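Work through the following exercises with the sequence and the coordinates at hand. Each task is followed by a stepwise solution.

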Amino acid sequence: MSHLDHTPSTPGKFKMDKSAYPYHGGRLRWHSSLAKLTFWSFVFIGVIFIFFYRSPSSSSSSSAAAATSSSSSRFHSDPSRRSLRTSSWGGPAWEKKVRTSARIRSRNGFSVLVTGAAGFVGTHVSSALKRRGDGVLGLDNFNDYYDPTLKRARQALLERAGVFIVEGDINDAALLKKLFEVVPFTHVMHLAAQAGVRYAMQNPGSYVHSNIAGFVSLLEVCKEATPQPAIVWASSSSVYGLNTKVPFSEKDRTDQPASLYAATKKAGEEIAHTYNHIYGLSLTGLRFFTVYGPWGRPDMAYFFFTKDILNGKSIPIFEGENHGTVARDFTYIDDIVKGCLGALDTAQKSTGSGGKKKGPAQLRVFNLGNTSPIPVTNLVTILERLLKVKAKRNVMKLPRNGDVQFTHANISLAHRELGYKPTTNLQTGLKKFVRWYLNYYSAAGKKADAR
């Protein structure tokens, strides 16, 4: 804790020891103290800068686990990726690509900026929007939290569908402003974020940078736009934290986060409320529940379980206290996409213009889950059957690292307001994932792993 934390908000009076400050030479000592204060102020600022933008690279080798969207320490990651590493942009050719990609091709279609477009959910949502005739422009910084080649493969997939992804950071205000100058987006699908529960213990700054500062940067640009876009953004089921009441409802308390990741997502919901209240931005938050499927994230349990089972490695199976079952509300990607599109289709227009609110604006939050929690042991059994390989199970206690024992979504609100209704069970969804996994890594000429 910093010594500054011990400073009272209203300091008491004190008497100066005049003997320590004789008149002669007092001015010299005062200047010396000022110089020292200035020096240490710069040092303190420098430390903050280094922590958030230049923290030392860390890599880990401990095994990942559980069935949440937890980050796996199997993936080397350079925290310096948090800095703004925007590739060159601008110019007539670049602007033409941006306009062409964002051009609406259907009657009453939207022009949508999708942040995190090269991510798992971002790729599927962008593709679905493009298929139905909406204009879609992607934005992604292609960081190395997990294998960037998978993100590049998703990018190639979207390029074939006519979606251009701008390579840049959502904290780059100049780039965001330029995109809104080139295209008057009607909607923003904000999916860019630092994901994972466990990685927050290694690199907390990346969560603040992406999930809080990045969200604020985007909202700052959106509030100044004319017209302001409607915004749909990804929150997380993690905001329910230590709640024991199930299923989780949007009305339940969310003030007991179990991880820094969850805390940043909760902070995002409060930030959304603020920008809605002050600037009239239309905002819809979506609390995703353990999304899985083809083109998924390698740090997710179902993904690296598949890799390790095929490679003959043991996989960690966590259990709660007193051998309690660890279960997740696994939600197939196609169902999540339907919820995302439903949120976009029902989003009302923002009411502000140029940073000024002109009336009350829509503010919503929805659970997007499957409503049927499945024990992690069942997940492994299904994978064994699909892969035709017996898993080497290593049962261990659920660590105190931010993971929770279970998740279960109440989706009645999303069903009523968005027409959301998941249709894919875990057996069917995993079958599709395994088929993609084997084809993708075989076609790429790689070993069946996700580095």
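The exercises below concern a predicted model.

**Exercise 1. Overall make-up**

Determine how many helices and strands the protein chain has, and what share of its residues is buried.

Solution.
- Step 1. The protein chain contains twelve helices and 13 strands.
- Step 2. Of its 451 residues, 53% count as buried.
- Step 3. Among contacts between residues at least 6 apart in sequence, 82% connect residues at least 24 apart.

**Exercise 2. Nonpolar cores**

Identify the residues with the most contacts inside the largest nonpolar core, and the helix that gives this core its largest share.

Solution.
- Step 1. The largest nonpolar core comprises 79 residues, and those with the most contacts inside it are Val121, Val125, Met189, Phe288, Tyr302 and Phe305.
- Step 2. Helix H12 (residues 426-443) supplies the largest share of this core, eight residues.
- Step 3. Another core, of 32 residues, lies apart from it, and Val166, Val188, Cys222 and Tyr279 are among its members.
- Step 4. Take Met189 as a case from the largest core. Residues up to four places away in sequence aside, Met189 touches Val112, Leu113, Val114, Thr115, Val125, Val232, Cys340 and Leu344.

**Exercise 3. Two cysteines**

Decide whether cysteine 222 and cysteine 340 are buried or exposed, and state how many disulfides the whole structure has.

Solution.
- Step 1. Cysteine 222 has a relative accessible area of 0%; this is under the 20% limit, so cysteine 222 is buried.
- Step 2. The value for cysteine 340 is also 0%, so cysteine 340 is buried.
- Step 3. A search of the whole structure yields zero disulfides.

**Exercise 4. The covering of helix H8**

Establish how many residues of helix H8 (residues 301-310) are buried, and what covers them.

Solution.
- Step 1. Nine of the ten residues of H8 are buried, and the helix is thus mostly covered.
- Step 2. The buried residues are Ala301, Tyr302, Phe303, Phe304, Phe305, Thr306, Lys307, Asp308 and Ile309.
- Step 3. Their covering includes helix H3 (120-131), strand S7 (291-292), strand S8 (314-319), helix H10 (376-387) and H12.
- Step 4. After H8 comes glycine 312, with a positive phi near 75°.

**Exercise 5. A cavity and a lining residue**

Describe the lining of the second largest cavity, then place alanine 192 in its surroundings.

Solution.
- Step 1. The structure holds five cavities of 30 Å³ or more, and the second largest cavity has about 70 Å³ of space.
- Step 2. The residues that line the second largest cavity include His190, Ala192, Ser210, Trp233 and Lys265.
- Step 3. Helix H6 (204-224), strand S5 (230-236) and helix H7 (260-279) each give two or more residues to this lining.
- Step 4. By class, the lining of the second largest cavity divides into five nonpolar, five polar and one charged residue.
- Step 5. Alanine 192 is located in the loop between strand S4 (187-190) and H6. Its relative accessibility is 18%, so alanine 192 counts as buried.
- Step 6. Neighbours within four places in sequence aside, alanine 192 contacts Thr115, Gly116 and Ile170. The C-alpha atoms of alanine 192 and alanine 117 are separated by 7.5 Å, although these residues are 75 residues apart along the chain.

**Exercise 6. A pocket**

Find the volume of the second largest pocket and the class of its lining residues.

Solution.
- Step 1. The volume of the second largest pocket is about 220 Å³.
- Step 2. Of the 16 lining residues, Thr186, Gln228, Ala230, Lys349 and Ser350 are the closest to the centre of the pocket.
- Step 3. The lining has eight nonpolar, six polar and two charged residues.

Note on methods. Residues numbered from 1 in each chain as written. Predicted model: local features only at pLDDT ≥ 70, side-chain atom pairs only at ≥ 80, totals over all residues. Heavy atoms only, no water. 1 Å grid on protein atoms, 1.4 Å probe; cavity = no way out; pocket = protein on both sides within 12 Å on 5 of 7 lines; lining within 4 Å. Points joined across faces, edges and corners; volume = space filled by probe spheres on them. Helix = DSSP H or I, 4+ residues; strand = E, 2+ residues; numbered from the N terminus. Nonpolar A, V, L, I, M, F, W, Y, C, P; charged D, E, K, R; others polar. Disulfide = S-S within 2.5 Å. Buried < 20%, exposed > 50% of the residue type's maximum accessible area, 1.4 Å probe, protein only. Core = buried A, V, L, I, M, F, W, Y, C linked by side-chain atoms within 4.5 Å. Contact = heavy atoms within 4.5 Å.
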